[in-house]
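Hi,

Here is the structure I promised to pass on to you. Have it open while you read, and my notes on what turned up in it follow right below.

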Amino acid sequence: MSSNIIAIVGRPNVGKSTLFNRLVGERKAIMDNVSGVTRDRSYGHGEWCGNFFTVIDTGGYVHGSEDIFETEINRQVELAMKEADVILFMVDVDAGLTGLDEEFANVLRRTDKPVYVVANKADTNARMHQMGEFYAMGIGGEEIFPISSQSGSGTGELLDEVVKHFKDKGIEDPDAGVPRIAVLGRPNVGKSSFVNLLLGEERNIVTDIAGTTRDSIDSRYNAFGKEFIIVDTAGLRRKSKVSEDIEFYSVMRSVRALEDADVCIVILDATRGIEAQDVNIIALAEKNRKGIVILVNKWDLVEKDTHSTKQFEEEILSRIAPIKYVPVVFTSVVTKQRIHKAVEKAMEVYDNKTQKIPTSKLNDLLLPEIDRYPPPAIKGKFVKIKYVTQLPTHNPTFAFFCNLPQYIKEPYTRYLENQIRKHFGFEGVPIKVLFKKK
């Protein structure tokens with residue numbers, strides 16, 4: 001992660017996520033007029049005048065609240081401030097100075113980090129004159145920065161000051177080339193608990209309430225010689241079950257996380273078995289040609305005998321047929337059972353997805369299989385496959401060169417895919433087989 005870290009903090013609904021999206025240059029965080037939309041810490045990367053930095057978006061800080069979400073959000077905000085090099089304390093000119101602002105200012109007085117007061121929604125001269133009342137907090141030195149996170153006005157002057165605190169130019173994209181693993185599943189199957197256990201910290205808020213996670217949350221994992229970005233996502237429900245705009249955008253972020261990932265860990269609830277929406281998620285990952293690992297969580301809650309694991313796995317594979325190449329790992333986040341095996345399996349699948357087989361090795365092993373079982377003749381025409389090579393694509397793709405590619409049908413394509421898997425593995429990875437005229 002970049003050493004230049006900016007944390008955006010403040011009470012709920014002052015426009016923190018809008019500024020976050022502005023600084024990272026994309027609509028990464030969900031924005032809504034409802035307070036409390038952002039819950040977990042969300043990270044993004046930006047650049048200003050050759051200085052590269054990481055931005056942390058946080059939920060709205062509410063002092064002394066007993067609400068389960070607000071208590072957890074406050075903890076996430078404090079962790080973000082501890083991690084940051086510079087803190088942007090955001091207030092709302094339109095609403096004026098509130099009791100929540102003053103209470104949060106007391107929290108900020110305890111930090112030795114540079115703090116800038118950012119007066120949002122100062123998009124008219126009249127509103128800019130109203131920001132004087134925020135000097136009463138005694139936070140952020142002599143200058144308050146008026147901005148409009150919606151239009152971007154004032155953000156340049158703010159960043160000019162912020163970058164002065166950076167010790168180096170930073171890294172353009174600290175996540176470039178690092179494998180991305182998305183954790184997906186229905187609501188309340190244990191996705192955030194799994195990520196927290198893996199990272200060894202309360203990175204994401206966990207409750208028994210479905211829909212706790214809203215944004216897709218990126219975290220860097222570096223342990224046991226493995227390094228990757230693990231993405232916690234909102235629970236994916238059927239369209240008919242999505243009732244709120246916020247949940248709709250959460251689902252869209254989860255789908256985008258799937259599309260951006262290299263490997264998808266799909267978590268199932270062992271107490272409920274594989275359900276229709278689980279099948280849909282796996283099919284979507286396969287359609288996007290992602291590596292797939294199925295995690296059966298809460299395995300400690302299931303009554304088992306010596307055949308339970310095998311029977312459960314067979315049921316899963318029968319439901320997702322013809323997808324038969326996906327590994328299944330049985331875990332329990334509560335008892336920490338096989339958590340690291342799940343990570344190892346995900347990295348194996350990533351290695352499978354990126355492996356390149358030499359053309360000579362492919363032909364040495366596959367051409368004898370083709371001679372043993374050649375393509376069936378159609379209309380008296382005999383198909384002769386001359387050679388095979390792996391194409392230089394992002395996902396495993398194999399081209400078979402032959403005289404009559406149009407006569408090769410689906411069953412024989414599946415036979416060739418099975419032979420590739422038999423000799424070269426590719427567990428957890430979709431394979432594409434093409435036929436070209438030679």
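Start with Ala182: its bridge partner in β9 is Val231. The two strands involved are β7 (residues 180-185) and β9, which run parallel and are joined by 4 bridges. Have a look at β9 (residues 226-232) from all sides: 5 of its 7 residues are buried, so the strand is largely enclosed by the rest of the structure. One thing to keep in mind throughout is that this is a predicted model.

A helix with a similar story is α6. This one covers residues 191-199, and 7 of those 9 residues are buried, so α6 is also largely enclosed by the rest of the structure. Which ones are they? In α6, the buried residues are Lys191, Ser192, Phe194, Val195, Asn196, Leu198 and Leu199. Right after α6 comes Gly200, which has a positive phi, near 75°.

Now for the cores. Nonpolar side chains tend to be buried together in soluble globular proteins. In this model, the largest nonpolar core has 27 residues, and Val9, Met81, Phe89, Phe104, Leu108, Met137 and Ile139 have the most contacts inside it. At least two residues of this core come from each of β1 (5-9), α2 (68-83), β4 (86-92), α3 (99-108) and β5 (115-120). The biggest giver is α3, with 4 residues. Try clicking on Phe89: leaving out residues up to four places away in sequence, Phe89 touches Val9, Phe104, Leu108, Met137 and Ile139, among others. Its partners also include Gly10, Asp101 and Tyr116. Apart from this core lies another one, of 26 residues, among them Ala261, Ile294, Val296 and Ile316.

Next, a helix pair. How do α11 and α12 cross? The axes of α11 (residues 359-372) and α12 (residues 410-424) come within 10 Å and cross at roughly 130°. That makes α11 oblique to α12. The crossing is right-handed. If you want to see who meets whom, the α11 side has Lys361, Leu362, Leu365, Leu366, Glu369 and Ile370, while the α12 side includes Tyr412, Tyr415, Leu416, Ile420 and Phe424.

Finally, the overall picture. The protein has 12 helices and 15 strands. Of its 438 residues, 54% count as buried. And among contacts with a separation of 6 or more, 71% are between residues 24 or more positions apart.

Shout if you get lost anywhere!

Cheers

Definitions and conventions: Residues numbered from 1 in each chain as written. Predicted model: local features only at pLDDT ≥ 70, side-chain atom pairs only at ≥ 80, totals over all residues. Heavy atoms only, no water. Core = buried A, V, L, I, M, F, W, Y, C linked by side-chain atoms within 4.5 Å. Buried < 20%, exposed > 50% of the residue type's maximum accessible area, 1.4 Å probe, protein only. Contact = heavy atoms within 4.5 Å. Pairing = 2+ DSSP bridges. Axes fitted to C-alpha atoms, helices over the stretch in contact; angles between N-to-C directions. Parallel < 35°, antiparallel > 145°, perpendicular 65-115°, else oblique. Left-handed = near helix turned anticlockwise from the far one by under 90°.
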